[in-house]
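Me: I have a structure open and would like to go through it piece by piece. Can you help me read it?

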Amino acid sequence: MAIRHLLQLEGMEPAAVQEILELAMRFKADVLTADRCKRHELAGRAIMNCFFEPSTRTKTSFELAGKYLGADVVNFQTRGSSLEKGETLEDTARTLEAMAIDVLVIRHQVSGIPERLAARVKVPVINAGDGFHEHPTQGLLDLLTVYEEWGHIAGLHLVIVGDILHSRVARSDLWGFLALGAHVTLVGPPQLLPRDWERPGLRVTASLKSALAEADVIQVLRIQKERQSLVGLPSWEEYRARWGITRDVLGSLREHTLIMHPGPQNRGVEIDSEVISGRTSKIAQQVTNGVAVRMAVLTWVLGGPYDR
Ligand code: NCD
């Protein structure tokens with residue numbers, strides 16, 4: 001049987017996306033509620049977390065997700081490893097594989113690395129974020145967060161605001177929401193918008209006001225200071241004035257419009273503290289759902305049945 005990887009949401013069957021979301025909801029009800037009951041779907045399995053870039057939410061939630069399902073989870077220390085002695089990433093991956101691990105979770109600053117490794121190892125690979133390419137588990141947890149609130153995705157209007165060009169989150173959200181029938185608008189400074197992404201259901205604009213008029217959900221992206229300099233961009237003050245989701249912007253939204261942010265946030269730049277803690281903010285739920293979705297994805301790549 002072919003190995004199941006999770007490398008991107010682009011091209012993924014809507015039915016597979018639905019299957020993962022349903023599994024995540026069942027795990028959430030069992031494991032992430034007050035009377036936490038650990039499950040055993042992944043007992044005897046070993047998961048290797050390899051993070052070559054900083055991460056708080058994604059790394060710890062993969063770790064918790066594996067542990068809640070009974071797996072052993074190891075965080076590979078990229079610093080101080082043989083990579084520093086010149087070993088190639090492929091050889092390192094094969095070495096880890098030879099220790100009989102069952103899943104490789106990888107975050108890397110270079111787009112395409114998870115896919116390259118997936119072609120070379122015999123275990124499922126999960127992309128935990130690669131360069132500007134994709135962050136599929138983030139896209140899935142965003143879908144779950146909206147689905148829980150609305151009970152459907154089709155027909156909703158998602159607005160993604162910010163540094164679209166440098167954002168793997170924007171790409172995964174875009175593919176995931178389009179696959180399930182939502183409309184998506186990408187908005188941000190013209191120099192941070194993609195040029196050739198026109199397709200049905202997708203709109204690209206620099207005007208925050210026109211984008212927000214129809215928004216059911218707003219995903220606010222972090223300005224990726226480490227991936228760009230200010231060259232060509234307005235100052236942070238101007239960015240905030242034109243594209244920031246401020247308290248004033250919050251006041252102008254339709255009452256039901258949900259606010260999301262994948263984190264980490266630059267408070268006072270792309271989003272105000274009042275918005276983060278506002279009534280329609282789903283930012284904390286996104287974090288909780290990250291654990292639920294990663295439990296589902298780990299189980300899904302291993303092809304494991306839910307009931308055992
Ligand atoms: C995102 C990432 O690393 O891609 N964070 C996350 O996983 N929650 C978004 C970001 O860094 O801005």
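Me: Let's start somewhere specific. Where does Asp91 lie?
Reply: Asp91 lies in helix H3. Bear in mind that this is a predicted model.

Me: Is Asp91 buried, exposed or partly exposed?
Reply: Asp91 counts as partly exposed, at 37% relative accessibility. Buried would need a value under 20% and exposed one over 50%.

Me: And how far is Asp91 from Thr58?
Reply: Their C-alpha atoms are separated by 25 Å. Along the chain, Asp91 and Thr58 are 33 residues apart.

Me: What comes after H3?
Reply: A loop runs between helix H3 (89-97) and strand E3 (103-108), and Ala100 lies in that loop.

Me: What is the phi of Ala100?
Reply: Ala100 has a positive phi of about 65 degrees, although it is not a glycine. Most residues other than glycine have a negative phi.

Me: Is Ala100 buried or exposed?
Reply: Ala100 counts as exposed, because its relative accessibility is 55% and the cut-off for exposed is over 50%.

Me: Let's zoom out. How many helices and strands does the protein chain have?
Reply: There are 11 helices and 9 strands in the protein chain. The radius of gyration is 19 Å, close to the 19 Å that the globule rule gives for 308 residues, so the chain is as compact as a globular protein of that length.

Me: What does the chain span along its principal axes?
Reply: The C-alpha trace spans about 55 × 45 × 35 Å.

Me: How much of the chain is buried?
Reply: Of the 308 residues, 56% count as buried. The accessible surface of the chain comes to about 13300 Å², and 51% of that belongs to carbon and sulfur atoms.

Me: What about contacts between residues well separated in sequence?
Reply: Take the contacts between residues at least 6 apart in sequence: 74% of them join residues at least 24 apart.

Me: And the charges, how far apart are their mean positions?
Reply: The chain has 35 positive and 37 negative charges, and their mean positions are 3 Å apart.

Me: Back to single residues. Where is Cys50 found?
Reply: Cys50 is found in strand E1, residues 46-51. At 4% relative accessibility, Cys50 counts as buried.

Me: Which residues does Cys50 touch?
Reply: Leaving out residues up to four places away in sequence, Cys50 touches Phe76, Leu96, Leu104, Val105, Ile106 and Arg107. By contrast, its C-alpha is separated by 33 Å from that of Leu233, which is 183 residues away along the chain.

Me: Next, Asp130. Where is that one found?
Reply: Asp130 is found in strand E4, and it is buried, with a relative accessible area of 2%.

Me: Which residues does Asp130 touch?
Reply: Asp130 touches His108, Val110, Ser111, Gly112, Ile113, Pro114 and Arg168, not counting residues up to four places away in sequence.

Me: Which helix is Arg168 in?
Reply: Helix H6, which covers residues 168-179. H6 reaches 17 Å from its first C-alpha to its last, close to the 16 Å expected at 1.5 Å a residue.

Me: Is H6 mostly covered or mostly open?
Reply: H6 is mostly covered, with 11 of its 12 residues buried. Among them are Arg168, Asp173, Trp175 and Phe177.

Me: What leads into strand E4?
Reply: A loop between helix H4 (113-118) and strand E4 (125-130), where Ala119 has its place. Ala119 is exposed, with a relative accessible area of 64%.

Me: Last topic: which peptide bond is cis?
Reply: A cis peptide bond joins Gly263 and Pro264, with omega at about -10 degrees. Most peptide bonds are trans. Pro264 is found in the loop between strand E9 (258-260) and helix H10 (273-276).

Me: Does anything I should look at touch Pro264, and which residue is it?
Reply: Arg222 touches Pro264, and also Asp163, His261, Asn266 and Glu270, not counting residues up to four places away in sequence. Arg222 lies in the loop between strand E8 (217-220) and helix H8 (236-243).

Me: Is Arg222 buried or exposed?
Reply: Arg222 is buried, because its relative accessible area is 17% and buried means under 20%.

Note on methods
Residues numbered from 1 in each chain as written. Predicted model: local features only at pLDDT ≥ 70, side-chain atom pairs only at ≥ 80, totals over all residues. Heavy atoms only, no water. Helix = DSSP H or I, 4+ residues; strand = E, 2+ residues; numbered from the N terminus. Rg over C-alpha atoms; globule rule 2.2 N^0.38 Å. Buried < 20%, exposed > 50% of the residue type's maximum accessible area, 1.4 Å probe, protein only. Contact = heavy atoms within 4.5 Å. Areas by Shrake-Rupley, 256 points an atom, 1.4 Å probe, with all protein chains shown as cover. Lys, Arg positive; Asp, Glu negative; His and termini not counted. Charge placed at Lys NZ, Arg CZ, Asp CG, Glu CD. Expected span 1.5 Å × (residues − 1).
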